[in-house]
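Q: I'm new to this one, so could you take me on a close look at the nonpolar core and what surrounds it?

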Amino acid sequence: MGKRDDLIAQYADDLKNKCGMEPDMDLLTKVTIGCGPAIYDADASTVASSQPGELETVKNNFLIKKLGLADGPELDAAIAKVVDTYGKSERNKYRAVVYYMLTKHFGKESVYG
């Protein structure tokens, strides 16, 4: 198994044990690949949910640009819900896991079709 496979296994474990979800491994793999080289960078691979600027980045670069959603309060609400599900006290919120949960939340799996 390569480094990416190890990371995907880690993300699946987080989804199961920290978020209480059974991951769709095909979608999780596609979301992880979609994150590009960021998954290998310690800083870029996680979402700093306590920093408003980081949450804006998730909203603008992922929800609006990648998933094609219109800006509105429901985007911020969804991000807050995902952060809550992951656990506010969880220090390492992996970007691929957050993106996966947001993709599922908005039913945008077709983006990764």
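A: Let's start with a term: helices (H or I, at least four residues) and strands (E, at least two) are DSSP runs, numbered from the N terminus. Read that way, the protein runs α-α-α-α-α along its sequence, with five helices and zero strands. Bear in mind that this is a predicted model, where local features need pLDDT of at least 70, side-chain atom pairs count only at pLDDT 80 or more, and totals for chains, interfaces and linings use all residues. Residues are numbered from 1 along each chain as its sequence is written, and side-chain values use heavy atoms, with hydrogens and water left out.

Now for the core. Buried means under 20% relative accessible area, exposed means over 50%, and partly exposed is in between (1.4 Å probe, protein chains only). By that yardstick, buried residues are 40% of the 113 in the protein. A nonpolar core is a set of buried Ala, Val, Leu, Ile, Met, Phe, Trp, Tyr and Cys residues joined through side-chain atoms within 4.5 Å. The largest one here has 32 residues, and Y11, L63, V97, M101 and L102 touch the most other members. Each of α1 (3-17), α2 (25-34), α3 (52-66), α4 (73-86) and α5 (95-105) puts in at least two residues, and α5 gives the most, with seven.

Zoom in on Y11. Contact means heavy atoms within 4.5 Å. Setting aside residues up to four places away in sequence, Y11 touches L28, T32, I39, Y94, A96 and V97. Contacts that reach along the chain show up in the whole protein too: among contacts with a separation of 6 or more, 64% are between residues 24 or more positions apart.

Next, a charged residue. K59 sits in helix α3, and K59 counts as buried because its relative accessibility is 6%. Beyond its neighbours within four places in sequence, K59 is in contact with I64, D71, L75, D76 and I79.

For contrast, try G36, in the loop between α2 and α3. G36 has a relative accessible area of 22%, so it is partly exposed. The C-alpha atoms of G36 and V111 are 16 Å apart, though their positions lie 75 residues apart along the chain.

Finally, step back to the overall form. The C-alpha atoms fill a box of roughly 40 × 35 × 25 Å, taken along the principal axes.
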